[in-house]
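Work through the exercises below with the sequence and the 3D view open. Try each task before reading its solution.

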Amino acid sequence: MPAGLREAVSSFLLELQDVLNPTTKELFACDASNAGTLIQAARTLLEATSTSERDGVRASLKHVLSLAHTSMASSTPSQLWGWRRIYTDTCILLACADVLEYWISEDTAGALSAVSHLDHAIVIAGAAGDGRLDLVLDLIGDIQSDCLDGLVGRPPGTSTASSLDGPPRTSPQVSTADNAVISLEQPPSLSSFVSRFAREPFVLRGFVKDWPALNEHPWGSFCYLRSIGGPGRVVPIEVGSDYRSDDWAQQLMPWDEFLDNLQGSQAHPTEPRPVLYLAQHSLFKQFPALLGDVSIPDYVYSSPNAPENYPQYVPPSNEEQLVMNAWLGPAGTVSPAHTDPFFNFYAQVVGRKTIWLAPPEASPHMYPYPSPSTSSPSPASQPRPSHLDSEDRPRNPAANHESPSMSNTTRVDVFVSSQDEVAKSRADFPAFWTEVVPTAMCVTLEPGDLLFFPPGWWHAMRSEEMSFSVSMWF
């Protein structure tokens, strides 16, 4: 094993055995029994000489991992951190076991499994713990360079198409919005933004066209996207074009497999294939190099006051008071109309996307699903889909998981187009058509455009073609 990787693995295993170390103390504060299992696993991995010993460690660790995953979904806020810590360190230990096995068997499946476990630590538990995210990312880089170097590049058998760009589709007119989003000819100053423009949506055409993501590091290139992740990475994917559909699901999928699907849908758009959507995911945490491809607008640090029509606004609770998410999927993916409690700058990097918006005052006429705390639905609503109430509630693209109590999703399809669909919608949701449509607005974003809208505004998105977007909540 190369010295750098050996040192990283050994250092982690030794640190975990130090019961006086603050990071180990956190594990015992949550669950002493499972913390003891992790320490014993670390000792065994350092001393194990046989495959059977390592297999025994894996079995015990997978049991702890399953327990931690279940406990994260059902624990109180005060308990959640501890279980996230246990989940994170269990994933790292499993990755260490896989790496040790790889250097004996030279089977790349072990190294790929190690990277997958480390990505699970990021995606499922946020790589919880002091320095753990940096450790996980460093281990992924070391494993890829020392064990998987031969797998870098386009997998055999995939299409040679290299770009997400393709022939544009004509944007159908949105029948549920009587107004267009204002397009500002010049970007406002920071003071003007705060005092004049932070209360209603507007679009700045071409504002992000100079981002590296649209130029020297093109996010429209499949080759670049493959290289930025490297082999073995996994990401959370939505399966289905609309989370309200009965066949909608979520799964963790290899990054390369997800890109293969997008590449196939681009090269052969008429072939049937599952609709896969990377939605509302902190891809920048997994692939921090992508942060170098964007330039965060100064506006997000302007600390605007709460709008009069949304006085409950508070900024995100993290240190930066900024939450950045990526949205990548094929034509036809839809985020149903919903609300979020933050200001939002939404950058369109690849492809075209149509956005529908309505002000907070429209809420009484939006026919939302009831909130999670509502025991019985109002007359203008219906029961929440059961798959949103399970312990493993998925991260659907229309849910705000930073503040779930503020989430609202409408039952109205704001992108109805045919005469029959419009007629049925008018009959089912009459108040929406008489009260909301006259105040609603829409815009189709082109690559390089930047959209702003305030907290509490209803918004829905539809990809008109292969699309890559970045949302910035602040």
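Two residues are in contact when heavy atoms of theirs lie within 4.5 Å. The model is predicted, and each exercise treats one part of it.

**Exercise 1. Describe the surroundings of Glu 53.**

Step 1. Locate the residue: Glu 53 is in helix α4, which covers residues 51-74.

Step 2. List its contacts. Leaving aside residues up to four places away in sequence, Glu 53 touches Thr 44 and Ala 48.

Step 3. Classify its exposure. Partly exposed is the class between 20% and 50% relative accessible area. The value for Glu 53 is 35%, so Glu 53 counts as partly exposed.

Step 4. Compare sequence with space. Ala 41 is 12 residues from Glu 53 along the chain, and their C-alpha atoms are 9.9 Å apart.

**Exercise 2. Decide whether Asn 261 is buried or exposed, and find what it touches.**

Step 1. Asn 261 belongs to helix α10, residues 255-267.

Step 2. A residue is buried when its relative accessible area is under 20%. Asn 261 has 10%, so Asn 261 is buried.

Step 3. Not counting residues up to four places away in sequence, the contacts of Asn 261 are Arg 273, Pro 274 and Leu 276.

**Exercise 3. Show which side of helix α1 is covered, and by what.**

Step 1. Check the length. Helix α1 runs over residues 3-17 and has 15 residues. From first to last C-alpha it reaches 21 Å, close to the expected 21 Å.

Step 2. Collect the buried residues of α1: Leu 5, Ala 8, Val 9, Phe 12, Leu 13, Leu 16 and Gln 17. They cover an arc of only 165 degrees around the axis, and therefore lie on the same side of α1.

Step 3. Explain the spacing. An α-helix has 3.6 residues a turn, so residues three or four places apart point the same way.

Step 4. Look at the opposite face. Turned away from the buried side of α1 are the exposed residues Ala 3, Glu 7 and Leu 14.

Step 5. Name the cover. The elements over the buried residues of α1 include α2 (22-30), α3 (32-47), α5 (77-105) and α7 (132-147).

**Exercise 4. Trace the open sheet and find its edges.**

Step 1. Write the order of the 9 strands: β2-β3-β13-β9-β15-β7-β6-β4-β5. The pairing in this sheet is mixed.

Step 2. Find the edges. β2 (182-183) and β5 (249-254) each have a single partner strand, so one side of each has no neighbour in the sheet.

Step 3. Recall what holds such strands side by side. Strands of a sheet pair through backbone hydrogen bonds, either parallel or antiparallel.

Step 4. Follow the pairs from β3 onward. β3 (residues 202-204) is antiparallel to β13, with 3 bridges, and Phe 202 faces Phe 452 of β13. β13 (residues 450-453) is also antiparallel to β9, with 4 bridges. β9 in turn pairs with β15 (residues 467-473) over 6 bridges, again antiparallel.

Step 5. Use one residue to check the middle of this path. Tyr 346 has Leu 451 as its bridge partner in β13 and stands opposite Ser 471 in β15.

Step 6. Continue to β7 and β6. β15 and β7 run antiparallel and are joined by 7 bridges, among whose strands Trp 327 has the bridge partner Ser 469 in β15. β6 (residues 276-281) and β7 form an antiparallel pair over 2 bridges, and Leu 278 stands opposite Leu 328 in β7.

**Exercise 5. Determine how many residues of β9 and β7 are buried, and which way those of β7 point.**

Step 1. In β9 (residues 344-350), 7 of 7 residues are buried. In β7 (residues 323-329), the count is also 7 of 7.

Step 2. Sort β7 by direction. Val 323, Asn 325, Trp 327 and Gly 329 point one way, while Met 324, Ala 326 and Leu 328 point the other way. All of these are buried.

**Exercise 6. Place these parts within the whole chain.**

Step 1. The chain has 13 helices and 15 strands, and 53% of its 474 residues are buried.

Step 2. Find the largest nonpolar core: it has 49 residues, and those with the most contacts inside it are Trp 219, Trp 255, Phe 258, Phe 345 and Met 472. Another core, apart from that one, has 46 residues, including Ala 8, Ile 86, Tyr 87 and Ala 121.

Technical notes: Residues are numbered from 1 along each chain as its sequence is written. This is a predicted model: local features need pLDDT of at least 70, side-chain atom pairs count only at pLDDT 80 or more; totals for chains, interfaces and linings use all residues. Side-chain values use heavy atoms; hydrogens and water are left out. Buried means under 20% relative accessible area, exposed over 50%, partly exposed in between (1.4 Å probe, protein chains only). Two strands pair if DSSP finds at least two bridges between them. A nonpolar core is a set of buried Ala, Val, Leu, Ile, Met, Phe, Trp, Tyr and Cys residues joined through side-chain atoms within 4.5 Å. The expected span of a helix is 1.5 Å times one less than its number of residues. The arc is that of the directions from the helix axis to the C-beta atoms.
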